[in-house]
Amino acid sequence: MDILLLGGFVLWTPDAPPDYPTLLFSSTYQSFGACLALAVAARNPRIDLLLVLANSATSFNGSQLRPLIPWLEAMPKELDVGLHRIIKGMASTVASQEKQQIDTGLSEALLAFSSQLPLETLLWKLRLLDSASSYTNSRLHAVRAQTLILSSGHLLFMEPHHDLVTTLKATGFYRRTRNLDYVLDYLPPTSYEFRKARESHRFVEEAFSPVMLSTLENGKIVRGLSGIPSEGPVIFVGIMGAVPVSAANLFKLLKLKSHILLYPGGMREALHRKGEEYKLFWPEQSEFVRMGARFGAKIIPFGVVGEDDMGELIFDYEDQMKIPYLKRFIQELTEEAIQLRSDDDGEVGNQDIHLPVMLPKLPGRFYYLFGKPIETQGRNKELRDRDRAHDLYIEVKSEVENCLCYLKEKRKHDPYRNILSRLLYQLTHGPQTQIPTFEP
């Protein structure tokens, strides 16, 4: 049964599978609901709970508003008229002093309703918060639930720029079983989310003006993505740097006929050293070929160049490992991370987590080339043989290298590779005009 606790009201959907997680989502006025959800979680440690708490009032015990309770209890009712002005001033002071604390929403709440509530109601609400905070803090040690804490202004979920659904998806709080399944629990972005994400990165698109090229079935390279199959399963194999992948997730994605972006080199290839720009670091084993052939997937090799036009690598992994403090820091980060290539003895097995330091350059341009699709449909029996699968693996790697070489050579003939020439073109032709490039 899927349970939703919202401001003290319990709603449920009987049709949900029995193994669905329970979602406790609480954010009542003055953040009492978050305390209530934590209390429920503390008393039910064995239930698979997901807590989403907004502006929790758990810090009320240390708030400057708590001393108001005995003061209000001792106040004669005849002074109720002038009370609101005093509370309003105190709430404003507390709100300004506690801008970085989680109970700022509480101060804003008091400021909002202090001029409207009678003395008895205001006192009751403060006592309720005091009781909820004390009860919850004494039981926080028993909370085992996965928890997401949202701290912002008051009435968080009524703010026009806050999208709770997007937040739950981005933080992995949408799951149908006890463990998050990155494939089956994935929800594609809505048109609104896509527009919002693109707008937030629009400056990157405008600065680097990416050139997208693809290859038709006859081998002709054209501008645009018309050479990419619209139906899956499709595996895009290249170089760039990406989220780690597992064999289980790859299997699920292929079964769902998805379009999969695969980077065999992983972190070692993405976080390269000086002088290793666009060099491939792939495993010796053909990881994806036989699995792709099992589902008749199209394999599309692709390459991307332009990183060297964005910045110059000046402090890489080798440099950082010479400094004892940074070396220990890198080792600690790597030990905490999930190692997907721990069984690989080659260079690709070196997945140490670090942050290279780059010297920014005047923005150049990014170039993408998707090669001709390689069919595996009908070759499942053939590619079960490890040697033949490895031959195809080498062919895909070679095609990726060809894509990189093609782009590195052709970009030399792009008159708009420099950002200054692109800005001048947009000034004379309009900001929405597609900027030309080299002839494919």
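This is a chat about a predicted model, covering its core, backbone oddities, salt bridges and surface charge.

Reader: Before I dig in, what counts and what's left out in this predicted model?
Author: It's a predicted model, where local features need pLDDT of at least 70 and side-chain atom pairs count only at pLDDT 80 or more, while totals for chains, interfaces and linings use all residues. Residues are numbered from 1 along each chain as its sequence is written, and side-chain values use heavy atoms, with hydrogens and water left out.

Reader: OK, core first. How many residues are in the largest nonpolar core?
Author: The largest nonpolar core has 32 residues, and Val 237 and Phe 288 have the most contacts inside it. A nonpolar core here is a set of buried Ala, Val, Leu, Ile, Met, Phe, Trp, Tyr and Cys residues joined through side-chain atoms within 4.5 Å. Buried means under 20% relative accessible area, exposed means over 50%, and partly exposed is in between (1.4 Å probe, protein chains only).

Reader: Which elements give two or more residues to this core?
Author: Strands S6 (211–215), S8 (234–237), S9 (259–262), S10 (298–305) and S13 (367–370) do, along with helices H9 (247–255), H11 (289–294) and H14. The largest share, eight residues, comes from H14. Helices (H or I, at least four residues) and strands (E, at least two) are DSSP runs, numbered from the N terminus.

Reader: Switching to the backbone: where's the cis peptide bond?
Author: It joins Gly 232 and Pro 233, with omega about 5 degrees. Pro 233 sits in the loop between strand S7 (221–223) and S8.

Reader: And which residues other than glycine have a positive phi?
Author: Ser 209 is one of them, with phi near 35 degrees. Another is Tyr 278, with phi near 65 degrees. Ser 209 belongs to the loop between helix H8 (202–208) and S6, and Tyr 278 to the loop between helix H10 (266–270) and H11.

Reader: Is Ser 209 buried or exposed? And why?
Author: Ser 209 counts as buried because its relative accessible area is 11%. Tyr 278 is buried as well, at 12%.

Reader: On to electrostatics. How many salt bridges does the structure hold?
Author: There are 13 salt bridges. The criterion is a side-chain nitrogen of Lys or Arg within 4 Å of a carboxyl oxygen of Asp or Glu. Side chains of opposite charge can pair when their charged atoms come close.

Reader: Which residue forms a salt bridge with Asp 48?
Author: Arg 175, with the closest N and O atoms 2.9 Å apart. That pair links distant parts of the chain, 127 residues apart: Asp 48 is in the loop between helix H1 (32–43) and strand S4 (49–54), and Arg 175 is in the loop between helix H6 (164–170) and helix H7 (191–200). Both Asp 48 and Arg 175 are buried.

Reader: What does Glu 193 meet in a salt bridge?
Author: Lys 169, at 2.8 Å from N to O. Glu 193 is in helix H7 and Lys 169 in helix H6, 24 residues apart. Glu 193 counts as buried at 10% relative accessibility, while Lys 169 is partly exposed at 23%.

Reader: And what about Lys 252, which side chain does it meet?
Author: Asp 181, in a 2.6 Å salt bridge, N to O. The two are 71 residues apart, with Asp 181 in the loop between H6 and H7 and Lys 252 in helix H9. Asp 181 is buried at 14% relative accessible area, and Lys 252 is partly exposed at 25%.

Reader: Which residues do shared partners join into one network?
Author: Asp 308, Asp 309, Arg 411 and Arg 417.

Reader: Last thing: which residues gather in the patch of negative charge?
Author: Asp 385, Asp 387, Asp 391, Glu 395 and Glu 399, on the surface. Asp 391 lies in helix H14 (residues 386–410) and is exposed, with a relative accessible area of 52%. Patches are made of residues with over 30% relative accessible area and no salt bridge, with like charges joined within 9 Å and nonpolar side chains (Val, Leu, Ile, Met, Phe, Trp, Tyr) within 5 Å. Lys and Arg count as positive and Asp and Glu as negative; His and the chain ends are not counted. Each charge is placed at NZ of Lys, CZ of Arg, CG of Asp or CD of Glu. Accessible areas come from the Shrake-Rupley method with a 1.4 Å probe, and for residues only the protein chains shown count as cover.
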